[in-house]
Amino acid sequence: MEKHLLPDVPLTPTHTIPDTFRVAHRRLSALDSRSGHEDPADPGSVQAMQIALLIPKNPRPPRTPLLEAAAQSVVACCLDPRAGEDTEFSRALGNWYDHRIRKVARRARGVQWERAQTLPGVTATVGECSARAYPPGAVSEVPQELKKLQIGGTELERDEPGPPPADIPVIWIDSGLEMTVGKAAAQVGHASMLLAKELSVEKAWTWAETGYALAVREVSTAEFTAIMSRAVVSVRDAGFTEVRPGSVTVCATMPN
C-alpha cells in the first residue's frame, strides 16, 4: 500500500526509526541559515550543494515532475543514512549547514548523466524525470564530472499538472518571478529540506517511508501570496541570480 503523510496516520514508533536517520535529522534541525558564514570574495569559503537535472535533448522532460524529483533528491540527501554517520558525506553536509545554504542546478544528459551517477549522492525519480543531489562542497572544488555540466540551458516550458494531491506536502512556486528550471530546482530543494527540518523526527521518518512524496505547483503571484498565510516554511532568496534580493520564491504547505 502506498503511504502518504496524512495527519491522522499513526506516527512511526520511535524505536523503529534508524539511529542514522535520527542523527541526520537532528543535524538538519539544528540548521540556522541566518548564522552561515562565508566570504563571497573567497571561492574557497563558499559552499554549495550541486544538483544534476536529467534533461535530454529528445524528448524534453516535463517541468513539474523534474522539479519534484529535484526537491525529493535534496531532502533525501540531507537525511540519507550516510548523513547520520561519521563519514565524508556527513561532514560535507555539516560544513554546508554552517555556511549560507546555496545550491547549483546543472543540466545533464547521456553519458554525462551516467558519469554523474558514479559520485556519492542521492537520485530521485518522478515518472520519467530524475535529479541527483550531491554532498555540498566548496564551489572552487566541484568534481570534474559535475563541473562539466552546464548551469544554463535548463529552461523548460510550463506544463499543466492539475491540482496537487490532498494528502502530501506541496511546494508552491511564485510563477510571477519567471525562474528558470535550474533556479526553481534550487528553490524547491531548499523548501523540502526546510520542511523536514520543521517536522518532528517521527513525522519526518513517516515522510521518508513514502519516498518523500510531494507535489510542486507554480501559481500566480496573487495565489502564492494567499497560500503564504498557511505555509509551514518559505524561502526568501538572497538574490544572487535571477530574482531581486529578499524575494520569497517558494513556500510549502502540509496536508490539512
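**Exercise 1. Getting an overview**

How many helices and how many strands are there in the protein chain?

*Solution.* Keep in mind that you are looking at a predicted model. Step one is to count the elements: the protein chain has eight helices and nine strands. Step two is to ask how much of the chain is hidden: of its 256 residues, 54% count as buried. Step three turns to contacts between residues at least 6 apart in sequence: 78% of these join residues at least 24 apart.

**Exercise 2. Checking helix 2**

Find helix 2 and work out what its span should be, then decide how enclosed it is.

*Solution.* Start with the length. Helix 2 covers residues 63–78, which makes 16 residues. The expected span is 1.5 Å times one less than the number of residues, so for helix 2 we look for 22 Å. The end C-alpha atoms of helix 2 are 23 Å apart, which agrees.

Now look at the surroundings. A residue is buried when its relative accessible area is under 20%. In helix 2, 16 of the 16 residues are buried, so the helix is largely enclosed by the rest of the structure.

**Exercise 3. Exploring the core**

Which residues of the largest nonpolar core touch the most other members?

*Solution.* Here is a helpful background idea: in soluble globular proteins, nonpolar side chains tend to be buried together. In this model, the largest nonpolar core holds 60 residues, and those touching the most other members are Phe-21, Met-49, Leu-53, Cys-78, Tyr-97, Ile-171 and Met-193. Helix 2 supplies the largest share of this core, with ten residues.

Next, zoom in on Met-193. Beyond four places in sequence, its contacts include Leu-28, Val-74, Cys-78, Trp-96 and Ile-101.

**Exercise 4. Two helices that meet**

At roughly what angle do the axes of helix 1 and helix 6 cross?

*Solution.* First, locate the pair: helix 1 is residues 19–29 and helix 6 is residues 181–198. Their axes come within 8 Å and cross at roughly 105°. Angles of 65 to 115 degrees count as roughly perpendicular, and the two helices are therefore roughly perpendicular to each other.

Second, list the residues that make the contact. Helix 1 brings His-25, Leu-28 and Ser-29, while helix 6 brings Met-193, Ala-196 and Lys-197. Sorted by class, this contact has three nonpolar, two polar and one charged residues.

Third, see what is hidden in helix 1: Phe-21, Val-23, Ala-24, His-25 and Leu-28 are buried. Among the elements covering these buried residues are helix 2, helix 3 (88–97), helix 6 and helix 7 (201–208).

**Exercise 5. Buried, partly exposed or exposed?**

Classify His-190, Pro-62 and Asp-86 by their relative accessible area.

*Solution.* Take the three residues in turn.

- His-190 lies in helix 6. Its relative accessible area is 14%, so His-190 is buried. Setting aside neighbours within four places in sequence, His-190 is in contact with Ile-101, Lys-103 and Val-235.
- Pro-62 sits in the loop between strand 1 (47–54) and helix 2. With 41% relative accessibility, Pro-62 counts as partly exposed. Leaving out residues up to four places away, Pro-62 touches Cys-129, Leu-156 and Asp-159. The C-alpha atoms of Pro-62 and Gly-127 are separated by 9.7 Å, though the two are 65 residues apart along the chain.
- Asp-86 is found in the loop between helix 2 and helix 3. A relative accessible area of 67% makes Asp-86 exposed. Asp-86 and Thr-20 are 66 residues apart in sequence, and 9.8 Å apart from C-alpha to C-alpha.

Terms used:
Residues numbered from 1 in each chain as written. Predicted model: local features only at pLDDT ≥ 70, side-chain atom pairs only at ≥ 80, totals over all residues. Heavy atoms only, no water. Helix = DSSP H or I, 4+ residues; strand = E, 2+ residues; numbered from the N terminus. Buried < 20%, exposed > 50% of the residue type's maximum accessible area, 1.4 Å probe, protein only. Core = buried A, V, L, I, M, F, W, Y, C linked by side-chain atoms within 4.5 Å. Contact = heavy atoms within 4.5 Å. Axes fitted to C-alpha atoms, helices over the stretch in contact; angles between N-to-C directions. Parallel < 35°, antiparallel > 145°, perpendicular 65-115°, else oblique. Nonpolar A, V, L, I, M, F, W, Y, C, P; charged D, E, K, R; others polar.
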